[in-house]
Amino acid sequence: MVVSEINRVVQSLELDRFPTHSEIEQFYGNKSLTNKISKSGGTKYWASRLGYGVKDCESEFGDYFERYAIDDIYQHTGLSSYKNKVGYPYDITTNRHIKVDIKSSTIIENNYGYKLHSFNLEKKEPTCDIYILYCLNDNDEIHKTIIIPSCHVYGQTQIGISAYGNSKWDKYRDQWEWFNTYNDFYIKLEKNSI
C-alpha cells in the first residue's frame with residue numbers, strides 16, 4: 001500500500017526522485033502517508049527501497065543535525081567526535097569509540113490528533129551505543145534533546161515522544177552523562193586489552 005501510494009505521487013508529479021513530505025501532503029491533502037513513511041523506515045529507507053534519490057534539502061536536514069550533534073557533544077562533554085561516511089551503521093564516532101546515531105523529528109499528528117515526535121530507529125538490534133533524538137518545534141528549533149543508551153531501547157524500532165506534554169522518555173532529557181559512562185567503559189577496556 002505504501003509503495004503504490006508513493007509511486008502514485010512520483011508518477012503524477014512526474015518526479016525523478018522521492019517526493020518530499022510537503023509534496024506528499026499536498027497531493028493527498030493529509031499526513032496519512034507521510035506518517036506511515038516516518039513510522040516504517042523513514043524517507044531514506046523508502047527512497048532506497050524504491051530506487052529513488054532524495055531531494056537535497058531532505059538529505060541536508062539529516063546532515064545538518066549530525067554536524068550539530070558533533071558540536072553539541074563537545075559543548076556538553078568535552079569529547080571530540082567525527083561524522084562517519086554515508087552508509088555507515090551509525091552517524092558519529094565520539095572519542096574514537098562511542099558509536100552515536102542521530103535522529104531529528106518535526107512534530108507530526110497521528111490519526112487521533114495527538115501531536116508527537118516520531119523517531120524511526122530502523123533496527124531492533126542497534127548498531128550504536130547512544131541515540132541522540134532532537135525534538136523540533138514548529139519553527140524547526142530544538143526544544144528537547146533526548147539521549148538514550150541503545151541498550152534501553154533494544155528490540156524497539158520506533159519511539160514516539162509527546163510534542164507538548166510529558167513523556168516517559170523525558171527522563172532521558174539532556175542526559176549527557178551517558179557519554180562519560182561509555183567513555184569510562186571504553187577506556188577501561190583499552191587498559192585491559194592484551
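**Helix packing and two open sheets in a predicted model**

In helix α1, the residues Val2, Val3, Ile6 and Asn7 make contact with Trp46, Arg49 and Leu50 of helix α4. The structure is a predicted model. Helix α1 spans residues 2-12 and helix α4 spans residues 42-50; their axes come within 12 Å and cross at roughly 80 degrees. Helix α1 is therefore roughly perpendicular to α4.

The protein chain as a whole contains six helices and eight strands. Along the sequence these elements follow the pattern α-α-α-α-α-β-β-β-β-β-β-β-β-α. The radius of gyration is 18 Å, close to the 16 Å that the globule rule gives for 194 residues, so the protein chain is as compact as a globular protein of that length. Taken along the principal axes, the C-alpha atoms fill a box of roughly 60 × 35 × 30 Å. Of the 194 residues, 44% count as buried. The protein chain exposes about 10900 Å², and carbon and sulfur atoms supply 47% of this area. Among contacts with a separation of 6 or more, 55% are accounted for by residues 24 or more positions apart.

The strands are described next, sheet by sheet. Strands of a sheet pair through backbone hydrogen bonds, either parallel or antiparallel. One open sheet has five strands in the order β1-β2-β3-β6-β7, and its pairing is mixed. Strands β1 (81-83) and β7 (142-149) stand at the edges; each has a single partner strand, so one side of each is left without a neighbour in the sheet. From one strand to the next, the twist of this five-stranded sheet averages 25 degrees. At the β1 edge, three bridges join β1 to strand β2 (residues 92-94), and the two strands run antiparallel. Within this pair, Ser81 has Thr94 of β2 as its bridge partner.

Helix α6, formed by residues 177-191, lies across four strands of the model, namely β2, β3 (98-105), β6 (130-136) and β7. The helix runs at about 160 degrees to β3.

A further open sheet consists of three strands in the order β4-β5-β8, with antiparallel pairing. Here β4 and β8 stand at the edges, and because each has a single partner strand, one side of each is left without a neighbour in the sheet. The twist in the β4-β5-β8 sheet averages 50 degrees from one strand to the next.

Strand β5 (residues 115-120) is mostly covered, with five of its six residues buried. Strand β5 is joined to strand β4 (residues 107-109) by three bridges, in an antiparallel arrangement. In this pair, Ile108 stands opposite Leu116 of β5. The hairpin of β4 and β5 has five residues between the strands, and Gly113 in this hairpin takes a positive phi near 85 degrees. Strand β5 also pairs with strand β8 (residues 158-162), in the antiparallel sense and over five bridges. Across this second pairing, His117 stands opposite Ile161 of β8, and the bridge partner of Leu116 in β8 is Ser162. Leu116 thus has Ile108 opposite it in the pairing with β4 and Ser162 as its bridge partner in β8.

Key:
Residues numbered from 1 in each chain as written. Predicted model: local features only at pLDDT ≥ 70, side-chain atom pairs only at ≥ 80, totals over all residues. Heavy atoms only, no water. Pairing = 2+ DSSP bridges. Axes fitted to C-alpha atoms, helices over the stretch in contact; angles between N-to-C directions. Contact = heavy atoms within 4.5 Å. Rg over C-alpha atoms; globule rule 2.2 N^0.38 Å. Buried < 20%, exposed > 50% of the residue type's maximum accessible area, 1.4 Å probe, protein only. Areas by Shrake-Rupley, 256 points an atom, 1.4 Å probe, with all protein chains shown as cover. Parallel < 35°, antiparallel > 145°, perpendicular 65-115°, else oblique.
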